[in-house]
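Here are two short exercises to work through with the model open beside you. Try each one before reading its solution.

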Amino acid sequence: MFWNETARRLSVPAEAVIAACATKKGADRDQRRDRSVDVSQHVSANLQPTITPSSSGQLSTSGYVAASIICISSQVIGNEYLRLHCGHLIVAFPGRVSLACVRKRLTPLQVKTTEHPFRRVSKAVKLLFLGCALLFLQVGEVVASDAKPVPGVSATEIKIGNLMPYSGPASGYSLLGKVEEAYFKKINDEGGINGRKIAFISYDDAFSPPKSVEQTRKLVESDEVFAIFSSPGTASNTATMKYLNQKKVPQIFVTSGATKFGDPTRFPWTMGWIPHYQREGVIYGKHIISQNPSAKIAILYQNDDFGRDYLAGLKEGLGERAPEMLVAQASYETSEPTISSSVITLKASGADTLVVAAISKFATQAIRTVAELAWKPTTYVSNTAATIDTTLKPAGLGNAVGIMSAAYRKDPEDPAWAKDPGMLEFFAFMDRHYPSGAKNDIAALGYASAQSLVYLLRQCGDDLTRENFMTQAANLRNVEVGLLLPGITMNTSPTDFVPIDQFQMMRFNGEHWVLFGPILSP
């Protein structure tokens, strides 16, 4: 039984333990309050608190200490153990049993006492039991007076912060935030998350790291958000990552595949969502070798961690052949108006294979310039720029025929998914909640990311703290998201902060992407 297990954990005889149930409310509140004993001193402890008996051999109630046990040891009952037992609480006074009447926002903690025979247990056992007893626990609405409020969480609301390039060179990704906002409104209309509505606070950072830092501080220190979610951009997220980790604010499902956003040892409060760019680069390197072992490769990449991760992955995929096969490299800055000159330089190297690791604006320029130069390399474009609406159409669909990329999500513009259940749900959502939005790959990314956050918040249940939020994020097991490719699921562990780590190759046929080959892991 429950008290037998409690006795075992406290290392006392079972007779010393009498189970009581934590209560929050009651009709005769005034009567209970009159019969209660105030306990004003609260400490956190992992071990038995020391309580000294008076000269008469009895314990004075004014000397009792309310112990909030944080960790489970062999000598105490931990919060996790109590949580499994629906709020039961064990507190024994000499000659009487105590019920903890821990009421929300009641200060100080009050303990109601009722007479009960306790004669069979020796005084030493009673003292030992008192030294180990818990006077309150944190579960549901039972809140001890020393419990700190969780930033961004109230009884009715969860504040989620976000940065989005609503202006600047990456403004094409602003659709991401608009779809996420629409999805959270849908969830709120359906009742929210365990009774709480999501307050989505999204600011424009113009894809500028200094602006990202400014807006992140505003979200954390002024808006007091619970977490930062789905902000795109490697440089922007890098600029805020150290600050957020110092503040212990979750930086969850970052819309960047930079390797650094999957490093739980150095940054335990940061987790990406999309697959790592480096691992995608590995896939391209291996595919090139399998198709053309004598290829001469040129790469155009963004001059930041985003682009350098692709370069490192490409080299890793090529292995020992990398020095001879990689004949030319060119980087660009996001502040540059055009990258045409870089493409001209790469063509001059004699390369017959081109890898473009870029965001949409610059990938569009690269594809168009390659066509204007009548250069015909086998071309790979990073998944970040694989959108038809924002990358390929501006470059000219005819110029993009034959380009390859790696996918992990279903493409809304691919007719192969027209009757897919997950895609039909996405289309229905867009029609009802964001009818003016384009039903493209960026919109699908926002939809899938928002679904993932809602799943994670629900997994937290009533324990909606930042710590438990990250614990749940680090324990995803085969989580299916409707717009991920069949066979690809979300998986994490305390040592693996990369939720998605699989791909399938695809080729553009002039109208849409066509998947080919098996599901690949780097």
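**Exercise 1: a helix pair**

α12 and α13 cross in a right-handed sense (the near helix is turned clockwise from the far one by less than a right angle). This is a predicted model, where local features need pLDDT of at least 70, side-chain atom pairs count only at pLDDT 80 or more, and totals for chains, interfaces and linings use all residues. Residues are numbered from 1 along each chain as its sequence is written, and side-chain values use heavy atoms, leaving out hydrogens and water.

Task: describe how α12 and α13 pack, and place T364 in the picture.

Step 1. Two packed helices are described by the angle between their axes and the distance between the axes. For α12 (residues 360-372) and α13 (residues 388-395), the angle is about 25° and the axes are 8 Å apart. The two helices are therefore roughly parallel (angles under 35 degrees).

Step 2. List the contacts (heavy atoms within 4.5 Å). S360, A363, T364, I367 and R368 of α12 meet T390, T391, L392, P394 and A395 of α13. By class, that makes 5 nonpolar, 4 polar and 1 charged residues.

Step 3. T364 sits in α12 and, at 6% relative accessibility, counts as buried (under 20% relative accessible area, 1.4 Å probe, protein chains only). Its C-alpha is 4.9 Å from that of A395, 31 residues away in sequence.

**Exercise 2: a loop serine**

Task: is S256 buried or exposed, and what does S256 touch?

Step 1. S256 lies in the loop between β12 (251-254) and β13 (270-272). With 1% relative accessibility, S256 is buried.

Step 2. Beyond four places in sequence, S256 contacts G233, T234, F261, G272, I274 and Y277.

Notes. Helix = DSSP H or I, 4+ residues; strand = E, 2+ residues; numbered from the N terminus. Buried < 20%, exposed > 50% of the residue type's maximum accessible area, 1.4 Å probe, protein only. Axes fitted to C-alpha atoms, helices over the stretch in contact; angles between N-to-C directions. Parallel < 35°, antiparallel > 145°, perpendicular 65-115°, else oblique. Nonpolar A, V, L, I, M, F, W, Y, C, P; charged D, E, K, R; others polar.
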